[in-house]
Structures are given as structure tokens and as C-alpha cells.
Amino acid sequence: MSTSAPPPAPLSPLSPVESAKRQAAYIAVDTHFPRPSPLPTTPLLIGIGSGSTVIYVVERILQLPSSLLSQCIFIPTGYQSRELILSGSLPLGDIDLHNHLHIAFDGADEVDPTLNCIKGGGACLFQEKLVAVKADKFVVVADFRKISSSLSMAYAAGVPIEVVPQVVSWVAKRLLELGAVNPKLRMGGMAKAGPCVTDNGNFIIDAPFHDGCVLGKQGEGEGEVVNGKGAKGCGVGDTRTVERLAEEIKKIVGVVEHGIFCKGNAKAVVAYFGMEDGTVTTRAEEA
Ligand SMILES: O=C(CO)[C@H](O)[C@H](O)COP(=O)(O)O
């Protein structure tokens, strides 16, 4: 068994966005992938998120020494990441068997200055949150389009919310009461007649809060939801924290999980953003 990393594969030419994703992913892995010496006798548990940026995380992981990789178990956050792990012949684990992960790498749809994230653009948010919440360190990798000055400003679709299929209209009504603007059942697109079905057999409602209630509007307090239009319980001038909105959404009967990753559920400790100019910008948790 080899003990040194194989030479990196030649990089294929990528679009600026893909190249930015790759840069961020490579730096995140190089900086945070655990490399204990001597290697532990118990496996290192590594969470692998979902989406297009995580593909580059796995690409970089596959360049690590096989002696290290054979000591790891990789925990997927859904069908796509399970396939990524398997296609790289990495040891595959099951989240239900492990309640403590060393680290989790994942993408995001939006990241604010205090590392609050919106996730779930790929409909994998429930398992992503489960993996992130069990990890000692949750590391986000993204491209420059995901950088936000305040949550819900960069990702127009709104907060993805996984719901039990039987109660979609009930949940949508409750979301309107919380100030969501035109919450929509996500459809499956060209490949699926009807709604998008998650890996857990549920539906997704995308609930924008950026019109009636702006999340963390710049200059009005970090991480706050600031109302602009007077939805019930969110009158003009009202403020509520991102954490409070997250809690309110979670309390709705029929909500399985929502895509707000923040303090109190699954907060990232650091985010890497690949930039258009080829550099990588970091946002880290304040010490
Ligand atoms: O939350 C996710 C899937 O549910 C993804 O991590 C998020 O949508 C980012 O994806 P990408 O890396 O393709 O931009």
C-alpha cells in the first residue's frame, strides 16, 4: 500500500465558476482534512455533502495517500454523494451508525458574514444537516456567487424546506404567516412529472423571505430578519434573528427540516469561496 499522495491529476480546463469551485474545494481539503500521525486505530469519520462543488472535494480527497484514506469512513448526505464515494472506491459509511464525525465538507447556496447558510438547492438538506450537526467541524465550500452580505439576498429561490407530502398546503399557509413571500412547491423539472421528491421521500417548499422579511439586511444588525412589508407576526420594524426564524419554521407540523444552517442547529466554522480571479476568500467563525 502506498504511503505518499499520487501526483495530482492534470486539471482539465474549466469555466471560471467551475474553476472557482475547484480552488475552494482543494484549499478546504488541504487545510482541514485530518492527517493524524500516527494513524489512529479507529476510523476517521468524514461527512461528504451534496452538490456540484463537493465533486471537487472528493476529487482532492482521492489525491490523498491511500494509507490515510483506508483509515477513513465517508458518510454521504444523499444518493449523489453516496455515488461519489462509491465511484472513488472510498470506504462508505452509514450516518445512523455514527453519532460523532470528525469533519464534514459541504456546499451552500448562500453564506452570510457570520457563516449562516442557506442550503438545500439540491434537495438534500435533511441528511446534510444531520451530517453537519454530528461533525466536530463543518466546512463549507462554494464559489463567489454564494457570498452574501445578508442571508436571503443571494439565493433568490428562498429557504428550501423539506415537508411531508400530505401536508404541503398546511405548511405553505403557516410559512405565509411567518412572512414568506409566495412559497412554492419545488417541481421535478424536465426529468420528473410532478414535485421534486427528496432522498427521504418528501417534498420541498422553497420559501423566499427576502421581500416580506429580509434576513440580516445589511446595516440593520447581523443575522437578523428585518421586516419590510408587515406580514403577520413580522410587522414593519419588527426584527427577529435568523435563529428565531429557523426555530419558527421547524415548529410547523409537517416540516421535516429546513435549509437554514445557523447557530443552534448546524453552524459552519469556516467557508471557502473560490473567486473569479482565481483566488480563494475565507470566512471563519470568530474566535
Ligand atoms: O445544499 C445543497 C444540496 O442540497 C448544495 O450543497 C448546495 O445546493 C450547493 O450546491 P452547488 O455546490 O452545486 O452550488
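This is a walk through the structure, one selection at a time. Bear in mind that you are looking at a predicted model.

**Start with the whole chain**

Colour by secondary structure and you should find seven helices and 16 strands in the protein chain. The chain has 287 residues, and 46% of them count as buried. Look at how the fold is tied together, too: among contacts with a separation of 6 or more, 73% are between residues 24 or more positions apart.

**Colour the two domains**

Give one colour to 16-148 plus 265-284, which the domain assignment calls domain 1, and another to 159-258, which is domain 2. Where they meet, 16 residues of domain 1 face 15 residues of domain 2 in the contact. Which element supplies the largest share of the domain 1 side? That would be α5, with four residues. By type, the domain 1 side divides into seven nonpolar, seven polar and two charged residues.

**Select 125-134**

This is helix α5, and seven of its ten residues are buried, so the rest of the structure largely encloses it. Show the side chains of Leu125, Phe126, Gln127, Glu128, Lys129, Val131 and Ala132 to see the buried ones. Polar and charged names turn up in that set, as with Gln127, Glu128 and Lys129.

**Bring up the ligand**

Now display the ligand and what lies around it: 17 residues make up its surroundings, and the closest are Gly51, Thr53, Gly107, Gly121 and Gly122. What is the mix of residue types in this shell? Four are nonpolar, nine are polar and four are charged.

**Go to strand β15, residues 270-274**

Four of the five residues in β15 are buried, so this strand is largely enclosed by the rest of the structure. Add β6 (residues 135-143) to the selection: β6 and β15 pair in the parallel sense, over five bridges. To find the register, look for valine 140, whose bridge partner in β15 is alanine 271.

Next add β16, residues 280-284, which runs antiparallel to β15 and is joined to it by five bridges. Here, valine 270 has alanine 284 of β16 as its bridge partner. Follow the backbone round the hairpin of β15 and β16, where five residues sit between the strands, and stop at glycine 278, which has a positive phi near 95°.

**Back up to Cys262**

Cysteine 262 sits in the loop between β14 (260-261) and β15. Is this cysteine buried or exposed? Cysteine 262 has 24 other C-beta atoms within 10 Å, and 20 are enough to count, so it is buried. Select its contacts beyond four places in sequence: Asn116, Val242, Glu243, Ala246 and Lys267. If you want a distance to draw, take the C-alpha atoms of cysteine 262 and valine 242, which are 7.4 Å apart although the residues are 20 places apart along the chain.

**Light up the nonpolar core**

The largest nonpolar core has 69 residues, and those touching the most other members are Ala28, Ile48, Val57, Val140, Val141 and Ile205. You have already met Val140, as the β6 partner of alanine 271. With your domain colours on, you'll see that this core draws at least three residues from each of domain 1 and domain 2. Nonpolar side chains tend to be buried together in soluble globular proteins.

Centre on isoleucine 205. Leaving aside residues up to four places away in sequence, isoleucine 205 touches Ile161, Val163, Val168, Val171, Ala172, Leu175, Pro183, Lys184 and Leu185.

**Finish with some backbone oddities**

Most residues other than glycine have a negative phi, and most peptide bonds are trans. Three stops go against that background.

- Ser37 and Pro38: a cis peptide bond joins them, with omega about 0°. Proline 38 is in the loop between α1 (16-32) and β1 (44-48).
- Ser89: phi is positive, near 55°. Serine 89 is in the loop between α4 (79-87) and β3 (101-106), and with 10 other C-beta atoms within 10 Å, this serine is exposed.
- Leu115: phi is positive here as well, near 75°. Leucine 115 is in the loop between β4 (110-111) and β5 (117-118), and counts as buried with 22 C-beta neighbours inside 10 Å.

Technical notes:
Residues are numbered from 1 along each chain as its sequence is written. This is a predicted model: local features need pLDDT of at least 70, side-chain atom pairs count only at pLDDT 80 or more; totals for chains, interfaces and linings use all residues. A residue is buried if 20 or more other C-beta atoms lie within 10 Å of its own, exposed if 12 or fewer, and partly exposed in between; C-beta atoms are placed from the backbone. Helices (H or I, at least four residues) and strands (E, at least two) are DSSP runs, numbered from the N terminus. A residue is near a molecule or strand if its C-beta atom, placed from the backbone, lies within 6 Å of it. Two strands pair if DSSP finds at least two bridges between them. Two residues are in contact if their C-beta atoms, placed from the backbone, lie within 7 Å. Domain bounds come from an automatic or database domain assignment. A nonpolar core is a set of buried Ala, Val, Leu, Ile, Met, Phe, Trp, Tyr and Cys residues joined through C-beta atoms within 7 Å.
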